[in-house]
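Open your viewer and get comfortable. We will go from one residue to the chain around it, with a few stops along the way.

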Amino acid sequence: MEALTVKELYTLEETIAGDIFEGVTYPWEVLPKISAFIVELGNTLDEEEYERRGENVWVAKSAKVAPTAFINGPAIIGKDAEVRHCAFIRGNAIVGEGAVVGNSTELKNVILFNKVQVPHYNYVGDSILGFKSHMGAGSITSNVKSDKKLVVVKTPDGNIETGMKKFGAMLGDEVEVGCGSVLNPGTVIGSHSNIYPLSSVRGYVPGNSIYKKQGEVVEKREG
């Protein structure tokens, strides 16, 4: 389904990780590659702009990292990013330029494009968040099905088998997720869409739409 492809969801110029998407149709295909990609990319970063902290952790010198934050490698923290008090980066994480990782937010196996905000009590795992996307306070990605079966992406054109046990959410550019929402395994949200607070989202949400509740998704209107 064309709407779920990398080129429809993301502006690749807005991430240091653009090369990982080469030859890929759907964005979740890169999830198993993030760890090795970070190590390879990290070793090429300009030492005048990035400093290496511990094993396979690169932090831009212009980034602000709270002393109480924990960053486990492999990880890259981009220029002018902000990693706030008690953030927990478990590893395999790319935090884009100007992005915000907030208080008690946990990241694992993720790519955050530039200017992404996950600023308050968020869990983001096995997920990719597009340029300027924002997750409201307490919203999370759920990355494993309760029955532990492989994740499928449900679309109007039928299910897409991913072959993955762990798969959180793919958020296109400038997606807004309301406070307290749960993005269930295999969720894909098209760019410029809004999710109402306290939503439980599953499957595909079209771009330029407003998700009010399951079965009630409306197209955005200008003005």
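## First stop: I189 and its neighbours

Select I189 and then show what it touches: leaving aside residues up to four places away in sequence, its contacts are L9, M170, L171, G172, V175, L183, I195 and V205. Keep in mind that you are looking at a predicted model.

Now colour residues 187-189, the stretch that makes up strand β20, and you will find I189 within that strand. Is I189 buried or exposed? Its relative accessible area is 0%, under the 20% cut-off, so I189 counts as buried.

Before leaving, draw a distance from the C-alpha of I189 to the C-alpha of V39. The two residues are 150 positions apart in sequence, and their C-alpha atoms lie 29 Å apart in space.

## Second stop: the cavity

Next, select I16, Y50, I76, G78, V95, G96, E97 and N114 together, since these residues line the largest cavity. How much space lies in the largest cavity? The figure is about 40 Å³. Counting cavities of 30 Å³ or more gives one.

Try colouring the lining by class. You should see four nonpolar residues, three polar ones and one charged residue.

## Third stop: the cysteines

Select C86. With a relative accessible area of 36%, C86 is partly exposed, because that value falls between the 20% and 50% cut-offs. Move on to C179, which is also partly exposed, at 41% relative accessibility.

If you were hoping to show a disulfide here, how many does the structure hold? The count is zero.

## Last stop: the chain as a whole

Zoom out and switch to a cartoon view. The chain has two helices and 25 strands. Its radius of gyration is 16 Å, close to the 17 Å that the globule rule gives for 223 residues, so the chain is as compact as a globular protein of that length.

Turn the model along its principal axes, and the C-alpha atoms fill a box of roughly 50 × 40 × 35 Å.

To see how the inside and outside divide, colour by accessibility: 52% of the 223 residues count as buried, and I189 from the first stop is a buried residue too.

Finally, display the contacts between residues with a sequence separation of 6 or more. Of these contacts, 31% join residues 24 or more positions apart.

Conventions. Residues numbered from 1 in each chain as written. Predicted model: local features only at pLDDT ≥ 70, side-chain atom pairs only at ≥ 80, totals over all residues. Heavy atoms only, no water. Disulfide = S-S within 2.5 Å. Buried < 20%, exposed > 50% of the residue type's maximum accessible area, 1.4 Å probe, protein only. 1 Å grid on protein atoms, 1.4 Å probe; cavity = no way out; pocket = protein on both sides within 12 Å on 5 of 7 lines; lining within 4 Å. Points joined across faces, edges and corners; volume = space filled by probe spheres on them. Nonpolar A, V, L, I, M, F, W, Y, C, P; charged D, E, K, R; others polar. Helix = DSSP H or I, 4+ residues; strand = E, 2+ residues; numbered from the N terminus. Contact = heavy atoms within 4.5 Å. Rg over C-alpha atoms; globule rule 2.2 N^0.38 Å.
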